[in-house]
Amino acid sequence: MGDITAIPLRGAWTGNRGILHSGHEIVRFHASDLWITCALEFRGRRQEQWQPGHYTFLYFHDEAVSFAAGHRPCAECRRDSYDAYRAAWAEGLGVDEPSARQVNRRLHGERIVAGTHRRRLHQISWADLPDGAFVQLGASPAVVLGDRLVEWTLQGYARGFARPVRGKADVITPPSTVAVLRAGYPVQIDASAYR
C-alpha cells in the first residue's frame, strides 16, 4: 500500500522517495513525486542508512511489491529496466515514450488521493489484470499470477487462491504500471510466490 514498514524480509531492491527521516525516525511519507526502485549494488557506491541530508533507503522484497507501492525503475542504476518500462508504458497506454517527469507526475496522481497520504485503489476488470499486479482482497494484498492470486503478508508470500473470472478488482498497483505489465514488462517476482 506504499506504507513504510520495517519487516525482517530481505529486499531484492532498494527504493528512494527522498529524505524521509530525522535521526532514526521516519517523519514523512514522501518528499516528492520521484519514487524509484534501485539496484542494491551500483558501481561500488556505499551509503549508510539514516545519514543527515541523504535519502532514506527503502527496501522491497521484489519488484512487483515496489510497483504496487507506486515506484518505477531508476534511470541511473537500472537503465535497461527503466528503458523497458518506458517502452512498455508507451505501448500499453498508446502514447509516445514519456519523460521521467511525466511518469513521476502520472504515477503520483494514481497512487495517492490528492491532498492526503491515503492510498488510491482502482477498479479494473479481473480479466484485464496481468501477472505482477497487486490487488486488495479484504484486508490482505495479493499478487496476480496467471489464474491464481497469492497473498502478501509481512512474512512474504503466503497462500494462494483462485483468481476470480468476472467482476472488478480493487487494484493497488497504479493503472499506468498495470498497463506496463500488460504490455510485457518482465517484472521480477520472488520465487516464493510460485510455491
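## A four-stranded sheet

In β4, Cys38 is the bridge partner of Thr14. This is a predicted model, and that pairing is a good place to start a tour of it. Strands β1 and β4 are joined by 3 bridges and run antiparallel. On the β5 side, β1 has 3 bridges as well, again antiparallel, and here Gly15 is partnered with Leu58. Between β4 (residues 36-38) and β6 there are 2 bridges, and these strands run parallel. Thr37 stands opposite Pro73 in β6.

Put together, the strands form an open sheet of 4 in the order β5-β1-β4-β6, with mixed pairing. At the edges are β5 (58-60) and β6 (72-73), each of which pairs on one side only. As general background, strands of a sheet pair through backbone hydrogen bonds, either parallel or antiparallel. Which way do the residues of β1 (residues 13-16) point? Trp13 and Gly15 point one way, Thr14 and Asn16 the other, and all of them are buried.

## The main core and Phe134

Now for the nonpolar interior. In soluble globular proteins, nonpolar side chains tend to be buried together. Here the largest nonpolar core has 36 residues, and those with the most contacts inside it are Tyr85, Leu129, Phe134, Val135, Tyr157 and Tyr185. Two or more residues come from each of α1 (63-69), α2 (79-93), α3 (100-111), β8 (134-137), β9 (140-145), β10 (148-153), β12 and α4. Of these, α1 gives the most, with 5 residues.

Phe134 is worth a closer look in your viewer. Setting aside its neighbours within four places in sequence, Phe134 is in contact with Ala64, Val65 and Ala68, with Pro141, Ala142 and Val143, with Trp152 and Tyr157, and with Val171, Ile172 and Thr173.

## Ile172, a buried loop residue

Ile172 sits in the loop between β12 (168-171) and α4 (175-182). Is Ile172 buried or exposed? Its relative accessibility is 0%, so Ile172 counts as buried. Leaving out residues up to four places away in sequence, Ile172 touches Met1, Ala68, Arg119, Arg120, Leu121, Phe134, Val135, Gln136 and Pro141. Back towards the sheet, the C-alpha atom of Ile172 is separated by 17 Å from that of Thr37, a residue 135 places away along the chain.

## Helix α4

Just beyond that loop comes α4, which is largely enclosed by the rest of the structure because 6 of its 8 residues are buried. The buried ones are Ser176, Thr177, Val178, Ala179, Val180 and Leu181. What covers them includes the helices α1, α2 and α3 and the strands β7 (122-125) and β12. After α4 comes Gly184, with a positive phi near 105°.

## A second core around Cys77

Apart from the largest core lies another, of 6 residues, including Ile36, Cys38, Phe42 and Cys77. Cys77 has its place in the loop between β6 and α2. With a relative accessibility of 17%, Cys77 counts as buried, because the cut-off is under 20%. Beyond residues up to four places away in sequence, Cys77 touches Cys38, Ala39 and Phe42. Cys77 and Thr173 are 96 residues apart along the chain, and their C-alpha atoms are separated by 23 Å.

## Two pockets

What volume does the largest pocket have? It is about 810 Å³. This pocket is lined by 30 residues, with Asp3, Ile4, Thr5, Ile7 and Tyr59 lying nearest its centre. β5, α1 and β10 are the elements that give two or more residues to its lining. By class, the lining of the largest pocket has 20 nonpolar, 7 polar and 3 charged residues.

The second largest pocket has a volume of about 700 Å³. Of its 23 lining residues, the closest to the centre are Thr14, Ala39, Leu40, Arg45 and Phe57. Two strands from the sheet, β1 and β4, are the elements that give two or more residues to this lining, and Thr14 brings us back to the bridge with Cys38. The lining of the second largest pocket divides into 11 nonpolar, 6 polar and 6 charged residues.

Notes:
Residues are numbered from 1 along each chain as its sequence is written. This is a predicted model: local features need pLDDT of at least 70, side-chain atom pairs count only at pLDDT 80 or more; totals for chains, interfaces and linings use all residues. Side-chain values use heavy atoms; hydrogens and water are left out. Buried means under 20% relative accessible area, exposed over 50%, partly exposed in between (1.4 Å probe, protein chains only). Contact means heavy atoms within 4.5 Å. A nonpolar core is a set of buried Ala, Val, Leu, Ile, Met, Phe, Trp, Tyr and Cys residues joined through side-chain atoms within 4.5 Å. Two strands pair if DSSP finds at least two bridges between them. On a 1 Å grid over the protein atoms alone, a cavity is a set of points where a 1.4 Å probe fits but cannot get out, and a pocket is an open set with protein on both sides within 12 Å along at least five of seven lines; lining residues have an atom within 4 Å of a point. Grid points are joined across faces, edges and corners, and a volume is the space filled by probe spheres set on the points. Ala, Val, Leu, Ile, Met, Phe, Trp, Tyr, Cys and Pro count as nonpolar, Asp, Glu, Lys and Arg as charged, and the others, Gly among them, as polar.
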